Amino acid sequence: MTDYGHPLRFGTFVTPSVQDPEATVGLARLAEDLGYDLVTFQDHPYQPRFLDTWTLLSYVASATERIHVAPDVANVPMRPPAVLARAAASLDLLSGGRVDLALGAGAFWDAMVSMGVDRLTPGESVDALAEAIEVIRAIWGEDGESELFVPGRHHRLDGATPGPGTTRRIPVWLGALGPRMLRLVGEKADGWLPSLGRVGLDGLRAGNARIDAAATAAGRDPREITRLLNVSGTFDDADGANGLGGAPDLHGAPAAWVDRLLPLVLDEGVSTLVLATDDERTTRRFAEEVVPALREQVAHERAARGTDTSRVVPLAVRAARRDGIAYDEIPSTLAEHAVEPGDAAYAGVRSNYLRGGSPGLVLRPRDTAEVVEALAFARAQAITRDVPLSVRSGGHGISGRSTNDGGVVIDLGALDTIEVLDDAARLVRVGPGARWGEVAAALSPRGWAITSGDYGGVGVGGLATAGGIGFLGRAHGLTIDHVRAVELVLADGSVVRASDDENPDLFWAVRGAGSQVGIVTSFDLVADEVAGVGFAQMVHDASDLAGFLERWGATVEAAPRDTTSFLLVGRPRPGQPVVAQSMTMVDSDDPDTVLARLQPFAAIAPLLAQATAQIVPYDAVVSAPQPGPHGGQGEPVSRSGLLEHLTSEAAARLAGLVLSGETYFFQIRSTGGAAEDVPADATAYAHRSARFSVVAMGASRSRLDARWDALADVFDGMYLSFDTDRRPEAHAARLADAFPPATLDRLREIKRRVDPANVFRDNLPVLGPDPVDAEAAVR
């Protein structure tokens with residue numbers, strides 16, 4: 001007797017009839033409404049009375065919201081696996097991860113031969129199916145290669161490129177019988193999908209034994225393989241009807257169905273039951289009278305037997321695990337959403353905007369309680385095994401510190417709520433995983449905005465703990481100046497609220513050095529009334545770059561506070577003028593005011609293209625990007641500096657940096673204004689007198705560092721999130737740049753109290769880059 005402890009799932013098996021296509025789709029919608037997990041359709045492309053199965057699956061996926069779709073089973077001889085893999089990945093992405101793939105070797109050979117398919121012997125069918133699985137998984141990118149090579153007699157890849165990728169591991173099930181096919185299931189598949197009417201109880205038991213033996217021989221846990229079963233039958237409430245009787249179909253009252261299905265789950269390992277019927281009443285009655293009773297009895301029996309229902313980690317995933325992480329100790333509440341290097345979803349979470357990462361584990365908590373669990377697990381790895389820990393909100397940070405190599409990443413992307421707490425006070429609560437474009441869109445209908453950088457893809461958590469120099473900065477200050485309270489998880493797992501009245505020292509530290517003291521799980525922020533903004537983009541001839549920078553800086557400082565300007569300067573090109581692009585926002589929807597503010601910027605230097613200026617809602621400028629994973633590669637090389645004025649000397653020396661060609665991205669952001677109104681000691685961001693933030697990115701770390709080090713006397717500090725200087729010998733200097741002496745002393749005192757083991761040490765740690773023995777630190 002075998003129960004693999006898999007979650008119990010239910011599906012329907014619907015005939016893809018062409019006679020009434022809408023009725024066919026209606027049965028799928030009904031299955032979703034009734035709570036089924038899966039709807040499947042047989043795949044016989046040569047059958048004239050059937051709809052094309054893959055077209056039907058795509059239509060059904062678009063007509064439903066929750067239910068998974070699958071072929072039962074895809075006819076591989078008539079569907080080239082490389083094409084099928086791309087189709088499945090595409091539909092999985094379009095449907096939000098709702099595609100499962102069941103494959104078959106084909107059965108009706110006369111019909112297939114009539115359509116040009118070469119007949120295969122049973123042995124050849126097994127080989128062809130094995131090759132198809134390799135091709136499909138390679139196209140899905142599970143091998144991590146940019147060029148794909150799969151040798152094979154029937155299916156092969158010869159330098160192909162991966163498909164669109166997947167955000168989850170799409171399961172591959174096999175609908176197959178025969179000893180060699182069953183061995184293939186055990187060696188390579190994620191599930192076995194026979195039909196009870198064909199295999200019978202004895203065949204089911206024997207098939208499971210063969211699969212288990214093959215899986216064990218291949219180094220797999222037999223529990224990796226889901227056991228699915230197509231069943232059919234009719235309901236009959238007559239006395240004495242009790243399940244199968246002598247027929248392969250089920251019949252009898254719902255209670256008799258439960259009695260017959262229960263041992264299939266508890267003794268034969270079946271966890272997904274797929275009801276083959278086109279009858280609406282049968283579909284409904286099975287869902288309403290059989291499924292709940294069967295779930296209840298299975299749960300009761302498993303509890304009584306102590307059945308192992310823990311997560312099963314596939315061999316491919318276990319083989320890719322990194323040293324030092326206690327994977328088997330991941331809390332069960334986090335395991336379902338955790339991503340490891342061998343998972344299909346890994347490609348979508350390994351990197352951030354600029355940095356290519358290879359973490360050993362990405363934990364994706366869904367609420368504060370799970371953040372506490374994730375941090376407890378990560379803390380244990382960090383302290384006992386010195387495993388790196390990174391915390392990620394949106395993954396856009398220029399410094400790239402939200403990923404790592406071989407460590408743990410706590411990804412807060414699921415904590416993305418945006419909630420208005422008080423209309424009169426314009427108080428909103430925002431999760432760290434929300435992106436600023438989403439926040440801008442949510443606040444726009446109320447005529448509100450919160451200054452938030454220059455790109456809507458930036459995560460709330462990183463910006464709202466580091467500073468936040470944005471397009472509305474001179475008018476409304478830094479993003480951290482709008483924070484009124486936070487919920488914070490400390491290194492020891494305690495959850496506290498911090499504000500001016502509660503834990504004020506932590507509240508001070510969070511605003512400017514939040515990465516040092518804990519993980520913020522929600523922010524209470526005050527929005528400003530911003531009905532509309534003027535926004536202009538101008539392309540300037542900056543051939544006299546030093547003079548241009550000086551004039552632009554003077555124009556910024558002379559402008560009223562309602563005007564904020566950012567500047568981008570491109571790398572010089574032979575025979576071409578140096579080009580500078582200014583992006584200027586005016587906190588006004590009055591055309592005359594906007595025009596008056598922009599004219600001085602247009603007069604700085606000749607324009608190389610027609611300036612564009614418009615009055616738009618704030619969220620039209622800081623808009624949310626299309627969803628999708630980051631694809632950063634390598635290590636970002638970036639340096640940051642703050643200065644009070646763009647003097648002629650500063651402008652000349654910065655121009656020299658640009659003209660050296662060592663920076664391919666050079667930006668100056670204006671700040672000051674309202675940001676200067678906040679006392680320097682009010683937050684851990686103390687550089688309130690700075691009116692300009694400079695960032696330069698380059699291809700060579702050594703060459704850019706050398707150029708930047710020569711500019712050290714130009715700057716008065718740095719913006720923490722834009723600097724990637726991790727040279728051990730420069731650590732003290734970067735700390736001094738980021739935090740003035742009094743600020744650093746206070747921050748260290750808080751850090752020693754709330755994080756004595758230096759758990760949060762990945763982002764310019766104030767106690768040094770190395771772990772600290774917790775007991776010694778406390779003593």
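These are my notebook entries on the sheets, helix contacts and a few local oddities of a predicted model.

**Entry 1: the nine-stranded sheet**

I started with the sheet of nine strands. I read its order as β3-β2-β1-β14-β10-β9-β8-β5-β4, open, with parallel pairing. The edge places go to β3 and β4; each has a single partner strand, so one side of each has no neighbour in the sheet. I then looked up how β2 is held from the β1 side. Strand β1, residues 9-14, pairs with β2 in the parallel sense over four bridges. One residue pair to click on: T12 has V39 in β2 as its bridge partner.

Next I asked myself which strands helix α2 touches. Helix α2, residues 53-63, packs on this sheet and touches β2, β3 and β5 (101-104). Its direction makes about 175° with that of β3. Over 145 degrees counts as roughly antiparallel, so I noted α2 as roughly antiparallel to β3.

**Entry 2: a cis peptide beside the edge strands**

While I was at β3 and β4, I checked the loop joining them. The peptide bond from D72 to V73 is cis, and omega is near 5°. V73 sits in the loop between β3 (68-71) and β4 (74-75). Those two strands are the edges of the nine-stranded sheet, so I made a note to keep this loop in the same view.

**Entry 3: the five-stranded sheet**

I moved on to the other sheet on my list. This one is open too, with five strands in the order β18-β19-β23-β21-β22 and antiparallel pairing. Where are the edges? They are β18 (418-422) and β22 (495-499); each has a single partner strand, so each has one side without a neighbour in the sheet. Ignoring direction, neighbouring strands are turned by 20° against each other on average.

For a closer look I picked β19 and β23. Residues 427-430 (β19) and residues 519-526 (β23) pair in the antiparallel sense over four bridges. V430 stands opposite F523 in β23.

Two helices lie across this sheet, and I wrote down both. Helix α12, residues 368-385, lies across β21 (483-489), β22 and β23, and runs at about 50° to β21. Helix α16, residues 504-517, lies across β21, β22 and β23 as well, but runs at about 70° to β21. Just ahead of α16 I found a backbone oddity: N503 has a positive phi of about 45° although it is not a glycine. N503 is in the loop between β22 and α16.

**Entry 4: following α3, α5, α6 and α7**

I went through the helix contacts as a chain of pairs, beginning with α3 and α5. Helix α3 (residues 81-94) packs on α5 at an angle of about 40°, with the axes 8 Å apart. The two are therefore oblique to each other. The crossing is right-handed. On the α3 side the contact is made by P81, A82, L84, A85 and R86, and on the α5 side by A132, V135, I136 and I139. By class I have eight nonpolar residues, no polar ones and one charged.

Then α5 with α6. Helix α5 (residues 122-139) and helix α6 (residues 179-188) pack at about 20°, axes 9 Å apart. That makes α5 roughly parallel to α6. This crossing is right-handed. Residues of α5 in the contact include V126, L129, A130 and I133, and they meet R180, M181, L184 and K188 in α6. The class count here is six nonpolar, two polar and five charged residues.

Last, α6 with α7. Helix α7 covers residues 196-217, and it packs on α6 at about 50° with the axes 7 Å apart. That makes α6 oblique to α7. I logged a right-handed crossing here. P179, L182, R183, V185, G186 and E187 in α6 meet G207, R210, I211, A214 and A215 in α7. By class, the contact has six nonpolar, two polar and three charged residues.

**Entry 5: aromatic pairs**

How many aromatic pairs does the whole structure have? My search finds 11. I opened Y36 and F286, which form a stacked pair, 6.3 Å centre to centre with 10° between the planes. The pair links distant parts of the chain: Y36 is in the loop between α1 (21-33) and β2 (38-41), F286 is in helix α9 (residues 280-305), and they are 250 residues apart.

Notes: Residues are numbered from 1 along each chain as its sequence is written. This is a predicted model: local features need pLDDT of at least 70, side-chain atom pairs count only at pLDDT 80 or more; totals for chains, interfaces and linings use all residues. Side-chain values use heavy atoms; hydrogens and water are left out. Two strands pair if DSSP finds at least two bridges between them. Axes are lines fitted to C-alpha atoms, for helices over the stretch in contact, and angles run from 0 to 180 degrees between N-to-C directions. Contact means heavy atoms within 4.5 Å. Angles under 35 degrees count as roughly parallel, over 145 as roughly antiparallel, 65 to 115 as roughly perpendicular and the rest as oblique. A crossing is left-handed if the near helix is turned anticlockwise from the far one by less than a right angle, and right-handed if clockwise. Ala, Val, Leu, Ile, Met, Phe, Trp, Tyr, Cys and Pro count as nonpolar, Asp, Glu, Lys and Arg as charged, and the others, Gly among them, as polar. Rings of Phe, Tyr and Trp (its six-membered ring) pair if their centres lie within 6.5 Å; planes under 30 degrees apart count as stacked, over 60 as edge-to-face and the rest as tilted.
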